[in-house]
Amino acid sequence: MQRTEKTKVLIVEDHRLSRKFFRETLYAYGYDTLTAEDSEQALGLAREYRPDLILMDIQLPTGPGLETTRHLKSDATLRSIPVVAVSAHAMCGDRTRILESGCDGYLSKPVSIHTLVETVEDFVQPPGQ
């Protein structure tokens with residue numbers, strides 16, 4: 001299947017430098033990106049643009065990313081969008097808890113360029129293919 005538009009990834013991250021890293025890395029690999037700093041922005045952008053993938057920071061200033069993920073997964077129009085949790089707090093059992101909360105994947109910070117791109121490609125078709 002050939003896409004007529006670029007694959008859209010919504011980056012939900014409150015830390016400016018992390019958000020910039022994700023956005024610039026994915027842009028360099030041919031992805032369109034949208035960015036949100038908090039839960040409200042994330043839900044609004046997801047409803048408006050229907051991204052192909054959401055990278056969700058777990059610790060957001062306006063509420064936990066897992067709660068935002070639950071809102072996304074409870075919405076019939078958004079639940080099919082894969083959500084990959086991104087967390088700097090990698091504790092034993094976190095991955096299991098996060099996946100059981102509705103996330104489709106998990107990345108632990110710091111994230112390498114290779115791991116980020118590989119994870120995104122696991123969930124969406126790479127641009128231009």
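Which pattern does the protein chain follow when read along the sequence? In this predicted model, the chain follows β-α-β-α-β-α-β-α-β-α. That pattern is built from 5 helices and 5 strands.

Let's look at the chain as a whole. It has 129 residues, and buried residues make up 47% of them. The accessible surface comes to about 7,000 Å², with 49% of that belonging to carbon and sulfur atoms. Now take the contacts with a separation of 6 or more: residues 24 or more positions apart account for 63% of these.

Next, step inside. The largest nonpolar core holds 21 residues, and those touching the most other members are Leu 10, Val 12, Ile 54, Met 56, Leu 72 and Ile 98. The table lists the elements that each supply at least two residues of this core.

| Element | Residue range |
|---|---|
| Strand 1 | residues 8–12 |
| Strand 2 | residues 32–36 |
| Helix 2 | residues 39–49 |
| Strand 3 | residues 53–57 |
| Helix 3 | residues 65–74 |
| Strand 4 | residues 83–87 |

Helix 2 gives the most to this core, with 4 residues. A second, separate core has 14 residues, including Phe 22, Val 86, Val 120 and Val 124.

To finish, try finding Ile 98 in the structure. Leaving aside residues up to four places away in sequence, which residues does Ile 98 touch? Its partners are Ile 58, Leu 66, Ala 85, Cys 103 and Tyr 106.

Conventions. Residues numbered from 1 in each chain as written. Predicted model: local features only at pLDDT ≥ 70, side-chain atom pairs only at ≥ 80, totals over all residues. Heavy atoms only, no water. Buried < 20%, exposed > 50% of the residue type's maximum accessible area, 1.4 Å probe, protein only. Contact = heavy atoms within 4.5 Å. Areas by Shrake-Rupley, 256 points an atom, 1.4 Å probe, with all protein chains shown as cover. Core = buried A, V, L, I, M, F, W, Y, C linked by side-chain atoms within 4.5 Å.
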